[in-house]
Each structure stands twice: as structure tokens, then as C-alpha cells.
Amino acid sequence: MSLSKRKTQRGFTLIEIAVVLVIIGLLLGGVLRGQELINSARAKNLVQEIKGVATMVYSYQDRFQRLPGDDPAADDHVGGANATTPADAVQGNGRIEGSWDSREPTDESVLFWQHVRMANLANGTTDPNAGDFLPANALGGILGVTSNSPNGMAGAFFVCSGGMSGRFARQIEATLDNGDGSTGSTRIYPNGDTTQASRNLTAADDDTANFVVCVAN
């Protein structure tokens, strides 16, 4: 007579479950910490890009006593072209005319990039008709400069960086200014439109796009 073996099912002990939960918690914490570090690095890159554009302006001005993009002697100075648009642009008037996000190859705000590149102050193609001529920020948004004042701002020229979520916009503003995107020398504009009133972002704006940050110089 054979005895049938009774199969017993053994469950996890509380200690085993606790160990698994601790491991899962550590993994999730590592992932979140890694993402936080990546976002922090991106925010620092965005800040450095904005500061870098202002440095290009001052370096070119120190060397040639003109603003890049607005330089009437750009051909002699760096071999660059002179802007013919916008219609009210005046060469050598100390203003970088044209929208910060212009794509018109003959605008001063676009030829700014040709002049600083030909002066070896920035990297990139010097052909304003090239598809990759305009620089992008660390998030892939437009990076630009203009003397046309965004709504509510005063300054000689403005560096604007767009295509970012509220989280990055707030981080940049807090790093460069007073923590309020509606006041001061650094402003945040909704939907990438600097003709609108600037605004102070809250945590609710973290994942909403599209914002643009402009810094007065």
C-alpha cells in the first residue's frame, strides 16, 4: 500500500515580504534620485546657456564696439552679412532688432548668431539659411536674443529661452532672480508668447508647457 504524499504550499514569511518591499523602495528611490539629478543638470545647462549669450554680446562689443547682429561693419570685422529686416531695423543703432524667436535669415536677431560664430564666440554653422542655423537650448526649445522688450521688461537686450515646462522655468528664474516670474530681471511668459503678461508659476505649472524665460541685460 503506497502512501500519497501530501503537497504543502509554503507562503512568504513577513520577513521575506519586508525584505522585498525594502528592495523595491530602494530601487524606486534610486530611480527618482537619478531623475532629480538629471533635471538639476538640465536646469544648470539652461542657466549657463542664457548667461553664455550675454557673454557673447559683451565680448563682441568689447572687440568691435558694436553689437552682433547690429554691426554695420560686420563684413569687415568678421566677414558677416548685414541685416535688411525687419523694416525698421537701423544698422549700428545699438539695438538687436527682430523677434527673439525669429526665423527670418535677414533679421538682426538671427544674424546675431552668424556674427558671434564668425568671431569664434560660439559654435555652429554661419549660413543663416541652413536648417540647423538657429541654436536650441538643452530642452530643444528656441534660444534667442533681441533688444525688443518682452512685455513688462526693461533692459538693453534680452536673452529668451523657450519650450520648457513650468518646473524648469521656475528653477531658472529662482537661480537668476527673485523667485517671482512676474517681477524682476527674469520673467516667465506663458505659451512661449512674450507679448503676454509675465506670471509667477506655482507647483501646479510643473508639467504644463509651453513657457519661455527672458532675462534682461
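In the predicted model, Val159 stands opposite Val215 of strand β4. This pair belongs to the contact between strand β2, which covers residues 158-164, and β4; the two strands run antiparallel and are joined over five bridges. On strand β3, the residue Ile188 stands opposite Val213 of β4, and Arg187 has Cys214 of β4 as its bridge partner. The pairing of β3 with β4 (residues 211-216) is likewise antiparallel, and five bridges are found between these strands.

These contacts are part of an open sheet of four strands, arranged in the order β1-β2-β4-β3 with antiparallel pairing. Strands β1 (143-146) and β3 (186-190) form the edges, and each of them pairs on one side only. On average, neighbouring strands of the sheet are turned by 25 degrees against each other, with direction ignored. In general, the strands of a sheet pair through backbone hydrogen bonds, and the pairing may be parallel or antiparallel.

Strand β4 is mostly covered, with six of its six residues buried. The cover extends to both faces of the strand. Phe211, Val213 and Val215 are buried on one side, while Val212, Cys214 and Ala216 are buried on the other. Among these residues, Val213 and Val215 have already been named as standing opposite Ile188 and Val159.

Helix α3, residues 108-118, is also mostly covered, since 10 of its 11 residues count as buried under the cut-off of under 20% relative accessible area. The buried residues of α3 include nonpolar ones such as Val110, Leu111, Phe112, Trp113 and Val116. Glu108, Ser109, Gln114, His115 and Arg117 of α3 are buried as well. Just after this helix, Asn120 takes a positive phi of about 60 degrees.

Two residues of α3 stand out in the interior. The largest nonpolar core has 29 residues, and within this core Phe112 and Trp113 touch the most other members. At least two residues of the core are supplied by each of α1, α3, β1, β2, α4 (166-176) and β4. The greatest contribution is that of α1, with eight residues. In soluble globular proteins, nonpolar side chains tend to be buried together.

Helix α1 (residues 14-64) also contains Leu21, a residue that lies at the surface patch described next. Leu14, Ile17, Leu21 and Ile24 make a nonpolar surface patch of about 420 Å². Leu21 counts as exposed because its relative accessibility is 55%, and the cut-off for exposed residues is over 50%. In an α-helix there are 3.6 residues a turn, so residues three or four places apart point the same way.

Charged side chains were examined next. The structure holds four salt bridges. In general, side chains of opposite charge can pair when their charged atoms come close. One of the bridges joins the side chains of Arg95 and Glu97, at 3.0 Å from N to O. The two partners differ in cover: Arg95 is partly exposed, at 32% relative accessibility, whereas Glu97 is buried, at 7%.

A network of salt bridges links Arg167, Arg170 and Asp206. Arg167 pairs with Asp206, and their closest N and O atoms are 3.7 Å apart. Arg167 is in helix α4 and Asp206 is in the loop between β3 and β4, so this pair links distant parts of the chain, 39 residues apart. The side chains of Asp206 and Arg170 also meet in a salt bridge, with an N to O distance of 2.4 Å. Because Arg170 lies in helix α4 and Asp206 in the loop between β3 and β4, the pair ties together parts 36 residues apart in sequence.

The cover of the network members was also computed. Asp206 is buried, with a relative accessible area of 16%. Arg167 is partly exposed, at 34%, and Arg170 is partly exposed too, at 28%.

Terms used:
Residues numbered from 1 in each chain as written. Predicted model: local features only at pLDDT ≥ 70, side-chain atom pairs only at ≥ 80, totals over all residues. Heavy atoms only, no water. Patch = residues over 30% accessible without salt bridge, like charges linked within 9 Å, V, L, I, M, F, W, Y side chains within 5 Å. Areas by Shrake-Rupley, 256 points an atom, 1.4 Å probe, with all protein chains shown as cover. Buried < 20%, exposed > 50% of the residue type's maximum accessible area, 1.4 Å probe, protein only. Pairing = 2+ DSSP bridges. Axes fitted to C-alpha atoms, helices over the stretch in contact; angles between N-to-C directions. Core = buried A, V, L, I, M, F, W, Y, C linked by side-chain atoms within 4.5 Å.
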